[in-house]
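Me: I should like to learn how a helix, a core and a ring pair are read from a set of coordinates. Could we work through one example together, beginning with the outward side of a helix?

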Amino acid sequence: MAQPVLAPARATRRPSTARPDVPRVEVARPARRGVEFRLDADALDPTTIALAAARADVVHLVHSAALPTPAAVRALVSVLEDEVRAVGRDRDEVRVVLEVETVVADDEADAARRRIAVAYAEAFSGLTWSPSATWLVAPRDAVRAAALDLAARTGVDTVALVLVGSSARHADALGL
């Protein structure tokens, strides 16, 4: 069973109490500092959610069979917010990050081809959920807008783009 990820050192300063009005988009990077929890299919249980609400500076959410849609992520964010309030913390103290597999395409036609390829591979994977519904596949100039839209629909503070395959070469060009 997966365990919550605890960074070795606690942040020395408290997070800002002013959450940004607009969610952030960033390229996924290794943990910085502070206490971080990763809520994926293996760690998605009431105890881990309560621990994350009580102790985490950052909570990473990952799409899986347990979180197969943006609506499911939105519901989990709501539960997490309730738990944060229940333990007497301000919601501003916890940054919620949704990690999303991202394919950066050259143009809209290339994005359409890549969406078809992801759906084709998924059809033969035997998975119990649909990753193509959660992956972000968009041209380079539309990735940021698509990620911001996803953040608005899910209620997360940040969407972290996990650049898949050759999309990693676009990390600097995305300007994130």
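Me: In this predicted model, which exposed residues does the face of α2 turned away from its buried side carry?

Reply: The general idea is periodicity: an α-helix has 3.6 residues a turn, so residues three or four places apart point the same way. Here, the face of α2 turned away from the buried side carries Ala71 and Ala86, both exposed.

Me: Which residues of α2 are buried?

Reply: Pro70, Ala72, Val73, Leu76, Val77, Leu80 and Val84 are the buried residues of α2. Viewed down the helix axis, they fall within an arc of 145 degrees, so they line one face of α2.

Me: Against which elements do the buried residues of α2 pack?

Reply: They pack against three strands and two helices, namely β2 (36–39), β3 (58–62), β4 (95–105), α1 (46–55) and α4 (143–154).

Me: How is the length of α2 checked, and what follows the helix?

Reply: One compares an expected span with the distance between the end C-alpha atoms. Helix α2 has 17 residues (70–86), which at 1.5 Å a residue should span 24 Å; the end C-alpha atoms are 24 Å apart, so the two values agree. The helix is followed by Gly88, whose phi is positive, near 85 degrees.

Me: How should one read the nonpolar core, and which of its members touch the most others?

Reply: In soluble globular proteins, nonpolar side chains tend to be buried together. The largest nonpolar core here has 35 residues, of which Val59, Leu61, Val156, Val159 and Leu161 touch the most other members. Helix α2 gives the most to this core, with 6 residues. As for Val59, leaving aside neighbours within four places in sequence, its contacts are Phe37, Leu39, Ala52, Leu80, Val94, Arg95, Val96 and Val97.

Me: How many aromatic pairs are there, and how is a pair described?

Reply: A pair of aromatic rings is described by the distance of the centres and the angle of the planes. The count comes to 1 aromatic pair. The ring centres of Tyr120 and Phe124 are 5.1 Å apart and the planes stand at 65 degrees; an angle over 60 counts as edge-to-face, so that is the class of this pair. Both Tyr120 and Phe124 are exposed.

Me: What is the order of elements in the chain as a whole?

Reply: The chain has 4 helices and 6 strands, which run β-β-α-β-α-β-α-β-α-β from the N terminus on. Of its 176 residues, 42% are buried. Among contacts with a separation of 6 or more, 73% join residues 24 or more positions apart.

Terms used. Residues numbered from 1 in each chain as written. Predicted model: local features only at pLDDT ≥ 70, side-chain atom pairs only at ≥ 80, totals over all residues. Heavy atoms only, no water. Expected span 1.5 Å × (residues − 1). Buried < 20%, exposed > 50% of the residue type's maximum accessible area, 1.4 Å probe, protein only. Arc of directions from axis to C-beta. Contact = heavy atoms within 4.5 Å. Core = buried A, V, L, I, M, F, W, Y, C linked by side-chain atoms within 4.5 Å. Phe/Tyr/Trp six-rings, centres within 6.5 Å; stacked < 30°, edge-to-face > 60°.
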